[in-house]
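Student: Could we go through this model together, one question at a time?

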Amino acid sequence: VIPRAWRPWLLGLGALVVTTVALRLARDGVNQAHATLLYLLVVLAVSAKGGRGVGLTTAAVASVLIDYFFQVPYDDFDVARTVDVLALLAFMTTALVATHLVTTARAEAAEARRRTAEAWTLARLGAETLRHASPDAALDGLASLAERTLGAACARCVLCGWPAIGGRAPDDVLAALRAERRLADALAAGRALVVAANGAGGTFEPTAIERLSLTAGETVVLPLRVERRVVGLLTVRAADALPLAGAPGRLLTALAHYGALVLEWRRASDEAAREAALGEAGRLREVVLASLSHDLRTPLATITALAQDAAGHGDATAPAIVEQAGRLARLVENVLDLARLGAPGVRLDPAVNAAEDVIGAVVRQTRGVLDGRALRVTLPDDDDEPLAGRFDFVATLRILGNLVENALRVTPRGAEVELSAGVDGEHLALAVADRGPGIAPGDREVIFRPFHRLGERAPDGTRLGLGLAIARHLAEAQQGTLSYAARAGGGSVFTLRLPHARLTIDAEASESSEASLRG
Amino acid sequence: MQLADRILVVDDDAQLRRSIAQGLRDVARSVVEAGTGGEAIAHVEREPPELVVLDLGLPDLDGFEVCRTLRERTVVPIVVLSARHGEREKVRLLEAGADDYVTKPFSLTELLARVQAQLRRAVFYVQATPKTIALGDLTLDLARRTVTRGGAAVHLTPVEWSLLRVLAMQPGRTLTHQQLFHAVWGRTYGDAKLHLRVHVTHLRRKIEARPAEPTLIVTEPGVGYRCEPPA
């Protein structure tokens with residue numbers, strides 16, 4: 001077996017020997033021109049096959065052979081005629097130029113093939129990124145493609161997330177990062193690392209990767225970045241000397257970009273999965289609440305209807321049953337609302353609404369519980385522009401309805417509860433004021449807690465202390481606040497502050513076009 | 001006052017059904033009862049009632065489907081009883097063809113009032129389209145497209161007029177935001193709620209005695225609007 005490096009030389013030697021022997025045997029039948037042309041052919045063939053060095057050497061040796069064997073006087077280095085010297089020089093020049101041209105073309109072709117292969121590898125990286133069903137499979141696919149491309153000198157290539165390495169990072173890299181805090185910090189800041197077999201590490205700028213050459217056992221760690229954020233690591237461990245100049249360096253740089261892309265994909269799909277799970281839980285919760293709601297309310301409806309029927313026939317206890325069923329119904333509603341408020345995916349839909357619209361709805365809703373008391377509505381004197389805010393209509397109605405009902409409960413028959421609206425800085429302020437006993441200073445925050453104990457001392461013993469907790473929760477869910485203040489002259493004022501807004505179609509033009517795009 | 005010959009009550013809870021039927025005997029000469037959606041549909045096909053009270057929680061069929069099926073077979077008012085309080089549910093119901101809904105638990109008085117309102121509206125519908133509609137001291141002249149209060153003209157913009165007319169033509173019936181928007185603007189794209197909020201607010205300022213305590217154009221929170229003619 002002949003070593004690969006010797007082959008072109010042996011080829012050149014063989015070609016020269018065969019040609020010389022053949023021509024020498026036929027020397028009487030050929031002239032100098034035939035011999036020169038045949039040698040030129042040999043030089044071209046050897047250059048094309050063996051490259052510049054072999055080509056030039058063959059050309060020089062061929063000149064000597066022509067001189068010796070085929071120029072008169074034969075078998076002598078002397079040259080008889082000047083024209084033969086010129087012929088020899090012409091041969092040498094032609095052979096040298098031809099060798100140069102052939103080998104240059106050959107080198108260019110080789111370079112083009114190499115570039116094509118590199119472009120192909122980079123394209124494969126892109127395809128590898130997209131080919132896999134899951135991001136983790138894509139990371140493995142990229143790594144194994146890189147290993148194949150880098151060849152036997154690459155022991156192992158790994159892509160993993162950062163800072164959540166997720167059990168994928170090689171142990172020696174992990175050990176080095178744990179041992180030296182500055183290495184981890186440098187990585188987080190976007191620098192690359194070289195970790196030696198003994199665990200010692202150095203940092204460098206990732207752009208300098210092509211100036212690097214790994215020795216056996218060394219590992220290079222490149223940060224995978226999205227914008228300025230480091231989202232992952234690319235580690236390549238060398239099994240043998242692995243120069244990274246040129247194509248390998250470019251491959252690793254591209255791999256870092258694709259790896260970052262896959263990690264972003266993984267993050268996005270994880271987020272989507274989490275959203276879906278939350279949505280699933282939310283839907284399940286909604287189904288449970290809906291059936292609970294049905295199962296609790298239907299018997300209440302029956303009890304109420306039966307009791308009303310009985311009351312119609314003169315049963316004196318029936319009205320009390322109706323009243324108790326009503327309380328139970330309110331309690332059920334509050335408990336279900338509280339359960340709904342904690343559910344993920346329950347979102348309010350704040351939009352520009354007129355204050356008078358929601359106040360009108362409150363007046364209507366509480367009409368049935370006035371029971372000899374009055375609800376006085378006060379609105380600012382606005383000529384054209386109705387007072388408005390950005391809020392969820394139903395939630396706000398629920399808050400105000402609750403506040404007014406509470407206020408009515410502590411107001412004696414014949415007295416009134418005040419419901420007023422106004423602008424307070426950036427806010428639309430809706431206030432419910434009563435002349436009841438007020439709330440003791442120590443209890444003014446307690447009343448907003450769910451299941452607070454104050455309700456037991458309230459005149460209406462069935463209050464579980466849920467209404468105000470729900471009301472505050474609803475206020476905050478729409479960027480509002482709900483607060484208590486003692487009323488001058490006795491009583492309480494509950495103020496709901498919501499973002500102020502103008503009620504015009506133009507004001508929400510952009511929002512509505514977004515809404516229609518979404519819809 | 002007997003407003004109807006026959007009312008159909010559909011509810012799987014026999015006790016509730018019976019007490020509703022009992023209450024309805026004041027407004028109808030006969031009340032027929034059905035315990036399942038299938039029975040209800042059969043009843044409507046056999047001897048059409050003048051109004052249906054339909055509980056959505058039925059053992060055999062989905063309440064929405066029953067409502068939709070009934071609506072395909074009859075034009076009579078359907079008053080739905082629902083345990084669900086969500087606004088989306090109400091919108092879905094109204095758009096499935098229900099005329100009104102009452103959420104549980106309800107009082108019989110309330111249900112009777114709703115049933116009576118629907119029966120009156122049905123009578124109103126049977127008559128030829130009127131030339132004028134009276135809403136308290138407000139008079140709508142449908143031919144001239146004018147509104148007067150006690151003889152004095154009330155100036156409405158074309159959109160306000162159209163809103164008022166659509167609502168007044170179906171007194172007592174809640175129209176969802178989309179239904180109203182479609183009827184007034186003739187299109188389904190755009191922010192229906194915003195357009196309605198702006199124009200209803202301005203309309204109320206022209207026709208209501210106290211816009212913050214409206215009695216003619218009532219907001220059904222999260223669902224739509226309803227015209228309530230003064231009794």
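Tutor: What follows is a set of questions and answers on confidence, cores and surface. This is a predicted model in which local features need pLDDT of at least 70 and side-chain atom pairs count only at pLDDT 80 or more, while totals for chains, interfaces and linings use all residues. Residues are numbered from 1 along each chain as its sequence is written, chains are lettered from A and ligands numbered from 1 in the order in which they are written, and side-chain values use heavy atoms, with hydrogens and water left out.

Student: In which helix of chain A is confidence lowest?

Tutor: Confidence here is pLDDT, the predictor's value for each residue, from 0 to 100, and its mean over chain A is 83. Helices (H or I, at least four residues) and strands (E, at least two) are DSSP runs, numbered from the N terminus. Strand S12 (residues 427-433) of chain A has the highest confidence, at 95, whereas pLDDT stays under 50 over residues 507-519 of chain A. The lowest mean, 38, belongs to helix H13 (residues 509-518) of chain A.

Student: Which helix gives the most residues to the largest nonpolar core?

Tutor: A nonpolar core is a set of buried Ala, Val, Leu, Ile, Met, Phe, Trp, Tyr and Cys residues joined through side-chain atoms within 4.5 Å, where buried means under 20% relative accessible area, exposed over 50% and partly exposed in between (1.4 Å probe, protein chains only). The largest such core has 42 residues, of which A:Ile359, A:Leu400 and A:Leu430 touch the most other members. With 9 residues, the helix that gives the most to this core is H11 (residues 393-409) of chain A.

Student: Which residues beyond four places in sequence does A:Ala48 contact?

Tutor: A:Ala48 lies in helix H2 (residues 32-50) of chain A, and because its relative accessibility is 38%, A:Ala48 counts as partly exposed. The C-alpha atoms of A:Ala48 and A:Val102 are separated by 5.8 Å, although these residues are 54 apart along the chain. Taking contact as heavy atoms within 4.5 Å, and leaving aside neighbours within four places in sequence, the partners of A:Ala48 are A:Val102 and A:Arg106.

Student: Is A:Leu10 buried, partly exposed or exposed?

Tutor: A:Leu10 lies in helix H1 (residues 7-25) of chain A. A:Leu10 also belongs to a nonpolar patch on the surface, whose other members include A:Trp6 and A:Leu13. Because its relative accessibility is 40%, A:Leu10 counts as partly exposed.

Key:
Patches are made of residues with over 30% relative accessible area and no salt bridge: like charges are joined within 9 Å, nonpolar side chains (Val, Leu, Ile, Met, Phe, Trp, Tyr) within 5 Å. Accessible areas come from the Shrake-Rupley method with a 1.4 Å probe; for residues, only the protein chains shown count as cover. A salt bridge is a side-chain nitrogen of Lys or Arg within 4 Å of a carboxyl oxygen of Asp or Glu.
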